[in-house]
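Q: Please take a close look at one part of this model: the positions that its database record annotates as a binding site. I would like to know how they sit in the fold and what surrounds them.

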Amino acid sequence: MAASNFLLFALLALVTSQVIASDPSPLQDFCVADIHSPVKVNGFVCKDPMAVNADDFFKAAELDKPRDTMKSKVGSNVTLINVMQLPGLNTLGISLARIDYAPLGQNPPHTHPRATEILTVLEGTLYVGFVTSNTDNKLFAKVLNKGDVFVFPQGLIHFQFNPNHDKPAVAIAALSSQNPGAITIANAVFGSKPPISDDVLAKAFQVQKGTIDWLQAQFWENNHN
């Protein structure tokens, strides 16, 4: 009897962990986000269904327009369509992004804490990859051409780089969260507010504190729009 109870508890714990690890699941046909509601929940409160219309599930042409990459230090521009731009995505566990890359531009190493990403190249060529967690830290990388597809597992550090000197590149990515989040590694480590102690970072990166101070003095821009 004790063994069966233990197995039941273990099964419930496993199922519960899987539920908690993903976006809230819909319990009705839709739950259009009420972005302006003062009520705070994990996600967004549902808009009154009687007030919902087709525009809540629609976003006028955004992803067909090339984005300016020349003003970006890293040479990329990410246009994200998540629940903040498209309230009908609330509880549906999906979002979309267009990424424009200048020649030799990159979407620098970053993670999505709440989403797996699947990316396809629309134009140009990209060198992409992700790194597994400690202790292996194994790099999985590939050169992608037009029409190729690559998957970045949830939470793992990944990147995209346009290796061409004279041609831009464009990709579309789908993410398994209405609000996947993005943590750009360099921005988070060297551009945090307030800054992380240079003693901590000098020890972590095994460099002189002067190197850390120089890195922290740089302008760490956000290439996500």
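A: In this predicted model, the residues that the unreviewed UniProt entry annotates as "binding site" are Asn107, His112 and Glu117. Such an annotation may be inferred rather than shown by experiment.

Asn107 belongs to strand S3, which runs over residues 106-111. Its relative accessible area is 3%, and because buried means under 20%, Asn107 counts as buried. Apart from neighbours within four places in sequence, Asn107 is in contact with Ser76, Val78, Ile99, Tyr101, Phe159, Gln160, Asn223 and His224.

Glu117 is found in strand S4, residues 117-123. Glu117 is buried too, with a relative accessibility of 3%. Its side chain makes a polar contact of 3.0 Å with the side chain of His112, so two of the annotated positions are joined directly. When residues up to four places away in sequence are not counted, Glu117 touches His110, His112, Phe150, Val151, Phe152, His158, Gln160, Ala173, Ala174 and Leu175. Gln160 appears in the contacts of Asn107 and also in those of Glu117.

The strand that holds Asn107 is part of an open sheet of five strands, in the order S6-S5-S8-S3-S10 and with antiparallel pairing. Strand S6 (139-144) and strand S10 (183-184) form the edges; each has a single partner strand, so one side of each has no neighbour in the sheet. In the sheet order, S3 stands between S8 and S10. Strand S8 covers residues 157-161 and pairs with strand S5 (residues 126-131) in the antiparallel sense over five bridges. In that pairing, Val131 is opposite Ile157 of S8.

Elsewhere in the model is helix H3, residues 198-205, whose buried residues are Asp198, Leu201 and Ala202. These cover an arc of only 100° around the axis, which puts them on the same side of H3. They pack against helix H2 (185-190) and helix H4 (209-216). Lys203 and Ala204 are exposed, on the face of H3 turned away from its buried side. At the start of H3, a side-chain oxygen of Ser197 comes to within 3.2 Å of the backbone nitrogen of Asp199. After H3 comes Gln206, with a positive phi near 55°.

How values were computed
Residues numbered from 1 in each chain as written. Predicted model: local features only at pLDDT ≥ 70, side-chain atom pairs only at ≥ 80, totals over all residues. Heavy atoms only, no water. Buried < 20%, exposed > 50% of the residue type's maximum accessible area, 1.4 Å probe, protein only. Helix = DSSP H or I, 4+ residues; strand = E, 2+ residues; numbered from the N terminus. Arc of directions from axis to C-beta. Contact = heavy atoms within 4.5 Å. Polar contact = N/O pair within 3.5 Å; in protein donor to acceptor, adjacent residues only side chain to side chain. Pairing = 2+ DSSP bridges.
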